Amino acid sequence: MSKPRPLLLAAAVSTLCVLASTVAGDGGKPLVTAITKDAATFLYSAPVIRNGQPGHQLVLDLSGPIIWSTCAADHRTLECNSVACMRAHRFHPPGCPHTGYGKPDDDNPYRCKCTAHPHNPVCGATVSGDVTRTALSANATDGRNPLRPVSFVAVTSCAPDSLLSKLPDGAVGVAGLARSGLSFPAQVAGTQKVAKTFALCLPRAGTGVAIFGGGPLFLIPAERPAITEMLAGDTPLRAYRGSPGYFISANKGIAVNQAKVPLPDHASLTIGLSSTIRYTELRRDVYRPFIRAFDQAMGQSARVTPPAAAAPFELCYDSSKLSSTRLGYFVPQVDLMLDGGKNWTVFGGNSMAQVDRHTACFAFVEMKEGKTGYGGRAAPAVVIGGFQMEDNLVVFDEEKQRLGFSGLLTGRGFSCSNFNFTMPA
């Protein structure tokens, strides 16, 4: 299998006509990109070539409404009265009130220069940055292989090097994937005339895959049906307090080992999805009864005192006493009982984290008190983290307003690292 071809981030350009001939020949094809997981930060990124130099990354952020990166000093800037500028100000990061659409241009005081508010979801920092246009490229796909490079121009925000704090080495910015007009999926849909949907397959190891624009997705072995036709279920996407992120509802609660967890009557189970937190976080009033239910279902025979490496986990077990299956350790399954009647089932492969050679821990954590999201509103009851989404295909369909999910792919003999990135001759 050849090395995955990266998404391309070129120099900023001032007009859309520069790459018009490139776009026209491939309109209507979904675009595919590889996903890598950084070993130090556990963040997921799309590989990027910038100014002809490989080795850079754009971190994927399911809650991010814009694409941002560091920029060359001579970049052009959009005007404040542009539609794109208004879209850039629709959502505001935590602690960042709306203060206008821009500032006077240093070279022309009669011109208003559009600025946005790029946000680092890891360190929590937000800055003001010029809104510009950037040439991007990814590969068109038939769902089996990448076919050919396709270039287009996207609206992006500039950011200083300081905003890259706590991102992986080689990262030059963030690709926002949220439900906004300037997210990466929205701009692919608009420029390529494809569906407003994308499929995300985060890797546990190796290289994962994302496809933007709909269509099938085939994983090796390719003679088997498209994995997009083997979803375990779907559920409606919900709005949540003005946030651009993706939210669903577990209106029937949570079950452990098929027994419903007794939760407080007031515990509204809105669930968010995040690609920038490692493990699923639960609000305290949901977390405490949840881990008690798992502890009771597991029993005490394999329970051990959490080692130092286990922080922030509370429940840990001697992994030599746990049976292994294609779905991970044989432990009580967790079911998020969703609106629409389907369950998002979490098996041992996504519920147990191996923290050392002898210890595996229940990989759910208590949410920090007072956690907020975009607009400064309180976070939902549950936020699903990257670990629980690994080796699961998750389909975000803005047109149908639904979220689809495959369940753990290893149980079907697949993994998210099974896409064939070889480009046909």
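**A walk through strands, a helix and a loop**

Tutor: Let's begin at K193, just after α3, where phi is positive at about 55°. Keep in mind as we go that this is a predicted model.

Student: Happy to start there! Which residues of helix α3 are buried?

Tutor: Helix α3 spans residues 184–192. To count as buried, a residue needs a relative accessible area under 20%. In α3 the buried residues are F184, P185, Q187, V188, A189 and Q192.

Student: Now to G214: is this residue buried or exposed?

Tutor: First, its place: G214 sits in the loop between β12 (208–212) and β13 (233–236). The cut-off for buried is under 20% relative accessible area. G214 has a value of 13%, so it is buried.

Student: Which residues does G214 touch, leaving out those up to four places away in sequence?

Tutor: Good one to check in the structure. E314 lies 100 residues along the chain from G214, and their C-alpha atoms are separated by 40 Å. With residues up to four places away set aside, G214 touches P30 and T197.

Student: On to the open sheet of 4 strands: which strands stand at its edges?

Tutor: The order in this sheet is β16-β15-β23-β24, with antiparallel pairing. An edge strand has a single partner, so one of its sides is left without a neighbour in the sheet. That describes β16 (259–260) and β24 (343–346).

Student: Within that sheet, which residue of β23 stands opposite I254?

Tutor: Look at the pairing of β15 (residues 254–256) with β23 (residues 334–337), which is antiparallel over 3 bridges. The residue of β23 opposite I254 is L336.

Student: And at what angle to β15 does helix α4 run?

Tutor: Helix α4 covers residues 284–298. This helix lies across both β15 and β23. Its angle to β15 is about 20°.

Student: Let's turn to β26. Which of its residues stands opposite C316?

Tutor: β26 (residues 359–362) pairs with β20 (residues 316–318) in the antiparallel sense, over 3 bridges. Find C316 and look across to β26: the residue opposite is C361.

Student: How many residues lie between β25 and β26 in their hairpin?

Tutor: β25 (residues 352–356) and β26 are antiparallel partners over 4 bridges. One of the bridge pairs joins M352 with F362 of β26. The two strands form a hairpin, and the number of residues between them is 2.

Note on methods:
Residues are numbered from 1 along each chain as its sequence is written. This is a predicted model: local features need pLDDT of at least 70, side-chain atom pairs count only at pLDDT 80 or more; totals for chains, interfaces and linings use all residues. Side-chain values use heavy atoms; hydrogens and water are left out. Buried means under 20% relative accessible area, exposed over 50%, partly exposed in between (1.4 Å probe, protein chains only). Contact means heavy atoms within 4.5 Å. Two strands pair if DSSP finds at least two bridges between them. Axes are lines fitted to C-alpha atoms, for helices over the stretch in contact, and angles run from 0 to 180 degrees between N-to-C directions.
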